[in-house]
Every structure is written in C-alpha cells, then in structure tokens.
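Trainee: Could you take a close look at one part of this model with me? I'd like to go through the salt bridges and what sits around them.

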Amino acid sequence: MSSKEELIANSKELKDSIEDQFENLRDRLEGAGKIGLMAGGGILAVWLLSKIFHSGDAEEDEQMETESSKKTKKKKKKHKPVFKTSGSAGFLMDTVKEQAILFALGMAANQLRIFLKELEEKHEKKGSE
C-alpha cells in the first residue's frame, strides 16, 4: 500500500470513530432528555392538581387579606404557598398529592432503570467488540 492509501484508510477510520462517538452521545442525551421530560411532567401534574384543589382556599385567603389590609392600611404582597396542609379538603388533598407524587416518582424510577439497563447493554456490547 502506498502512503496515500494508508492516509485515506486512517482518515476513514477516524471519521467512523468520531461519527460513532457523536451517535452514542446523541443517544445518551436523548434518553436523559426523555427521563427529564417525564419527571418534569409528573411534577407539573402534581403542582396543577394542588392548584386545582386549593383554588377555593385561595379565594378565601384573598378575602382575608383584603380585610386585614383595610385594617392595617398597608399593602403587603403576601406570597401564597403552593402546597397547603390545612383546609376543608385537607385529608383528601394530602392523599391525592401523595399518590400523585408516588406515581411520578415511580415513573421516573422506571425510566431511570430502563436508561441504566440500556446504557449497560451498550457498554457490554462495546466491550465485546
């Protein structure tokens, strides 16, 4: 073989190696992105359920704030907590929140388990080559 043919073969090997590395990186990022999106969706669902169940309590809080602001004549912007433990539907809301959180964590754990299994299989396949 001439030196030109050797250089071309070497160049092709390097190009293939770089393409494989980019493909592996893309696959890993895609898997991690899916897990992140599922976890984020679960957290968003829990937050939305919390907001839905506490919408009536928020109206009561606003009425109490307006009455107290009239008395003190100071306008303080009070931040409402996202999750409340007391209220008319306290026990039911706590149970729903716990179940939603457990469901979201279970989904995230399952996706993480799948991702790790696929990563291990790819690593074993790469090691055997």
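**A salt-bridge network**

Mentor: Sure, let's start with the network: Arg26, Asp27 and Lys122 are linked through salt bridges. Keep in mind that this is a predicted model. Side chains of opposite charge can pair when their charged atoms come close. Take the Arg26 end: this residue pairs with Asp27, and the closest N and O atoms are 3.9 Å apart. Asp27 also meets Lys122 in a salt bridge, at 3.7 Å from N to O. Asp27 belongs to helix α1 and Lys122 to helix α3 (residues 90–128), so this pair ties together parts that are 95 residues apart in sequence.

How open are these three? Arg26 counts as exposed because its relative accessibility is 52%, and the cut-off for that is over 50%. Asp27 is partly exposed at 26%, and Lys122 is partly exposed too, at 37%.

The structure holds three salt bridges, so there's one more to cover. Lys34 and Glu30 meet at 3.8 Å, N to O. Both lie in helix α1, four residues apart, which is about one turn of the helix. Lys34 is partly exposed at 47% relative accessible area, and Glu30 is partly exposed at 44%.

Helix α1, residues 3–53, also holds Leu29. With 57% relative accessibility, Leu29 counts as exposed. Leu29 joins Ile18, Phe22 and Leu25 in a nonpolar surface patch, and together they have about 420 Å² of accessible area.

Note on methods. Residues numbered from 1 in each chain as written. Predicted model: local features only at pLDDT ≥ 70, side-chain atom pairs only at ≥ 80, totals over all residues. Heavy atoms only, no water. Patch = residues over 30% accessible without salt bridge, like charges linked within 9 Å, V, L, I, M, F, W, Y side chains within 5 Å. Areas by Shrake-Rupley, 256 points an atom, 1.4 Å probe, with all protein chains shown as cover. Salt bridge = Lys/Arg side-chain N within 4 Å of Asp/Glu carboxyl O. Helix = DSSP H or I, 4+ residues; strand = E, 2+ residues; numbered from the N terminus. Buried < 20%, exposed > 50% of the residue type's maximum accessible area, 1.4 Å probe, protein only.
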